[in-house]
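Thanks, everyone; I would like to take a few minutes to walk through one model with you. Please have the sequence and the coordinates open as I go.

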Amino acid sequence: MTTVSSVSGSLTAVADPPGRNKGARLTARGAATRERIVLAAAELMAVKGVAATTLDDVRVASSTSKSQLYHHFAAKEELVREVVTHQAAVVLERQDQLLRGVSSFAGLRRWRDAVVQRSELRSGAYGCEIGTLAAELSDTDEQARQALAGHFATWERLLADGFRRMRDNGTLRADADPATLSVAVMAAVQGGYLLAQTAHDAGPMRVALDMALAHVETFGSSTTGL
């Protein structure tokens with residue numbers, strides 16, 4: 001599994017994090033087994049939470065033996081960190097696809113619509129794939145916290161790249177700060193996810209993003225359209 005980083009809005013693979021199998025070459029079957037374990041763990045942790053998901057749960061869900069599971073992950077913490085990596089890759093790839101071409105308020109609203117629609121499809125349930133992990137792990141697993149902070153920073157850079165394009169093409173005023181705007185919008189996204197998850201209703205996500213984009217629009221140039 002690999003982590004991802006953003007450079008000018010494009011995602012690139014970077015080195016695998018340290019782990020039990022670092023330096024070891026997995027067979028095709030071994031790699032498939034490892035991936036099956038991680039995917040099963042990611043799904044279980046998204047639904048049940050990290051603390052409530054046991055290695056036995058993962059073993060059963062992934063149809064692996066104890067020896068297979070412990071060959072790839074000697075401890076639950078190792079598996080949790082691999083799940084963080086996997087979930088971040090999924091989220092950031094999706095956000096890269098949505099944000100890479102944003103250079104106008106219309107494009108920003110299309111991104112907003114896609115985020116709200118995804119929340120609606122799940123009736124607000126389950127929250128953000130990495131936000132829920134951050135809420136559960138940030139005060140108990142420092143390595144996971146640092147990784148999650150880096151993933152959120154990547155997401156913020158994707159947003160900031162869009163705001164920078166909007167500033168460069170005159171859609172936003174010269175005094176608009178892309179980095180600050182990206183933090184504000186990210187806070188709205190994560191707050192929207194949490195409230196939508198609690199209510200099992202995407203309405204709070206819609207309100208949060210509408211308010212955030214209304215704030216961004218206050219930095220709009222009077223000489224350009226929306």
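Of the contacts in the protein with a separation of 6 or more, 71% are accounted for by residues 24 or more positions apart. I should say at once that this is a predicted model, and everything that follows should be heard with that in mind. The protein has nine helices and two strands, and reading along the sequence gives the pattern β-β-α-α-α-α-α-α-α-α-α. Of its 226 residues, 44% are buried.

Let me turn to the interior. The largest nonpolar core holds 54 residues, and those with the most contacts inside it are L79, W111, W155, F163 and L172. At least two residues of this core come from each of α1 (28–48), α2 (55–62), α4 (76–99), α5 (105–121), α6 (129–137), α7, α8 and α9 (203–217). If we take L172 and leave aside its neighbours within four places in sequence, we find it in contact with F105, F163, M166, R167, L181, V216, F219, G220 and S221.

Now to the helix pairs, beginning with α7, residues 142–168, and α8, residues 178–199, whose axes come within 8 Å and cross at roughly 125 degrees. An angle over 115 degrees but not over 145 falls outside the parallel, perpendicular and antiparallel classes, which means that α7 is oblique to α8. The crossing of these two helices, α7 and α8, is right-handed. On the α7 side the contact is made by F152, W155, E156, L159, A160, F163, R164 and R167, while α8 contributes P178, A179, L181, S182, V183, V185, M186, V189, Q190 and Y193. By character, the residues of this contact between α7 and α8 divide into 13 nonpolar, two polar and three charged.

How do α4 and α7 lie relative to one another, parallel or antiparallel? Their axes come within 10 Å and cross at roughly 5 degrees, and α4 and α7 are therefore roughly parallel to each other. Here R81, V84, A88, V91, L92, Q95, D96 and L99 in α4 meet Q143, A144, A147, L148, H151, T154, W155, L158, L159 and R165 in α7. The residues of the contact of α4 with α7 divide into 11 nonpolar, four polar and three charged. W155 and L159 are listed in this contact with α4, and W155 and L159 are listed again in the contact of α7 with α8.

Within α8, I would also point you to G192, which is buried, with a relative accessible area of 0%. Leaving aside its neighbours within four places in sequence, G192 is in contact with P204, M205 and A208. The C-alpha atoms of G192 and S119 are separated by 9.4 Å, although these residues are 73 residues apart along the chain.

Finally, a word on backbone angles. Most residues other than glycine have a negative phi, so positive values deserve a mention. Y126, in the loop between α5 and α6, has a phi near 75 degrees, which is positive in a residue other than glycine; at 40% relative accessibility, Y126 counts as partly exposed. H200, in the loop between α8 and α9, has a positive phi too, near 50 degrees, and is likewise a residue other than glycine. At 52% relative accessibility, H200 counts as exposed.

Methods. Residues are numbered from 1 along each chain as its sequence is written. This is a predicted model: local features need pLDDT of at least 70, side-chain atom pairs count only at pLDDT 80 or more; totals for chains, interfaces and linings use all residues. Side-chain values use heavy atoms; hydrogens and water are left out. Axes are lines fitted to C-alpha atoms, for helices over the stretch in contact, and angles run from 0 to 180 degrees between N-to-C directions. Helices (H or I, at least four residues) and strands (E, at least two) are DSSP runs, numbered from the N terminus. Angles under 35 degrees count as roughly parallel, over 145 as roughly antiparallel, 65 to 115 as roughly perpendicular and the rest as oblique. A crossing is left-handed if the near helix is turned anticlockwise from the far one by less than a right angle, and right-handed if clockwise. Contact means heavy atoms within 4.5 Å. Ala, Val, Leu, Ile, Met, Phe, Trp, Tyr, Cys and Pro count as nonpolar, Asp, Glu, Lys and Arg as charged, and the others, Gly among them, as polar. A nonpolar core is a set of buried Ala, Val, Leu, Ile, Met, Phe, Trp, Tyr and Cys residues joined through side-chain atoms within 4.5 Å. Buried means under 20% relative accessible area, exposed over 50%, partly exposed in between (1.4 Å probe, protein chains only).
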